[in-house]
Amino acid sequence: MQLMIQTFHKYSGDEGDKYTLSRSELKNAQDKEAVDRVMGDLDANNDGEVDFTEFIILVGALTVACNDFFLEFNEKQEKKK
Ligand SMILES: [Ca+2]
Ligand SMILES: [Ca+2]
C-alpha cells in the first residue's frame, strides 16, 4: 500500500495538481497503449485527472493490462520474504 502511494505521488507531482494524475503523467507511469483506454474508464468524474481513489482502481486494471510488469514486481516481493 505504501509503495502504491509513493508511486502515485512520484508521477502525480510532474505537472498541475500535485495530487492528481493527468493523462501525460499516467503515460510516464505506464507507457502502454492500454493507458488511454484505462484512463477513460478510470476517470469516473471526467475531470481529465485520476485522483487517488481512481488510481487505486487503476492499479487493479493494470494488473491485467501490464501483466509482465506486475509479474516482475511480484518476483521481487517474493525474494524479500
Ligand atoms: Ca498532476
Ligand atoms: Ca477524475
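How are the donor residues of the calcium ion (ligand 2) spaced in sequence? They follow the pattern D-x1-N-x1-D-x1-E-x4-E. Keep in mind as you look around that this is a predicted model.

## The overall layout

Let's start with the fold. The protein has five helices and two strands, and from the N terminus on, these elements run α-β-α-α-β-α-α. Of its 81 residues, 30% are buried. The accessible surface comes to about 5,600 Å², and carbon and sulfur atoms account for 52% of that surface. Among contacts with a separation of 6 or more, 40% are between residues 24 or more positions apart.

## Two calcium sites

The table sets out the protein donors of each ion.

| Ion | Protein donors | Distance | Angles among the six donor atoms |
|---|---|---|---|
| Calcium ion (ligand 1) | S12 (O), E15 (O), D17 (O), T20 (O), E25 (OE), E25 (OE) | 2.4 to 2.7 Å | 49 to 170 degrees |
| Calcium ion (ligand 2) | D43 (OD), N45 (OD1), D47 (OD), E49 (O), E54 (OE), E54 (OE) | 2.2 to 2.7 Å | 48 to 163 degrees |

For the calcium ion (ligand 1), the donors are spaced S-x2-E-x1-D-x2-T-x4-E along the chain. In that site, E25 appears twice in the donor list through OE atoms. E54 likewise appears twice, through OE atoms, in the list for the calcium ion (ligand 2).

Why is the arrangement around the calcium ion (ligand 2) irregular? Its six donor atoms subtend angles of 48 to 163 degrees, and that spread makes the arrangement irregular. The site of the calcium ion (ligand 1) is irregular too, with angles of 49 to 170 degrees.

Several donor residues are tucked away from the surface. S12 has a relative accessible area of 0% and T20 one of 12%, so S12 is buried and T20 is buried as well. In the other site, E54 is buried at 5%. E49, at 19%, also counts as buried because the cut-off is under 20%.

## The nonpolar core

In soluble globular proteins, nonpolar side chains tend to be buried together. Here the largest nonpolar core has ten residues: F8, Y11, L21, L26, M39, L42, V50, F55, L58 and V59. Three helices, α1 (2-12), α3 (34-42) and α4 (52-65), each supply at least two of them, and α4 gives the most, with three residues.

L21 is a handy residue to click on. Leaving aside neighbours within four places in sequence, L21 is in contact with core members F8, Y11, L26, M39, V50 and F55. Its contacts also include S12, a donor to the calcium ion (ligand 1), and E49, a donor to the calcium ion (ligand 2). G48 is another of the residues that L21 contacts.

How values were computed. Residues are numbered from 1 along each chain as its sequence is written. Chains are lettered from A and ligands numbered from 1 in the order in which they are written. This is a predicted model: local features need pLDDT of at least 70, side-chain atom pairs count only at pLDDT 80 or more; totals for chains, interfaces and linings use all residues. Side-chain values use heavy atoms; hydrogens and water are left out. Donors are N, O and S atoms within 2.8 Å of the metal (3.2 Å for Na, K and Ca); water is not among the atoms, so sites may look incomplete. Four donors count as tetrahedral if all angles lie between 85 and 135 degrees; four count as square planar and six as octahedral if opposite donors are over 155 degrees apart and all others between 65 and 115; anything else is irregular. Buried means under 20% relative accessible area, exposed over 50%, partly exposed in between (1.4 Å probe, protein chains only). A nonpolar core is a set of buried Ala, Val, Leu, Ile, Met, Phe, Trp, Tyr and Cys residues joined through side-chain atoms within 4.5 Å. Helices (H or I, at least four residues) and strands (E, at least two) are DSSP runs, numbered from the N terminus. Contact means heavy atoms within 4.5 Å. Accessible areas come from the Shrake-Rupley method with a 1.4 Å probe; for residues, only the protein chains shown count as cover.
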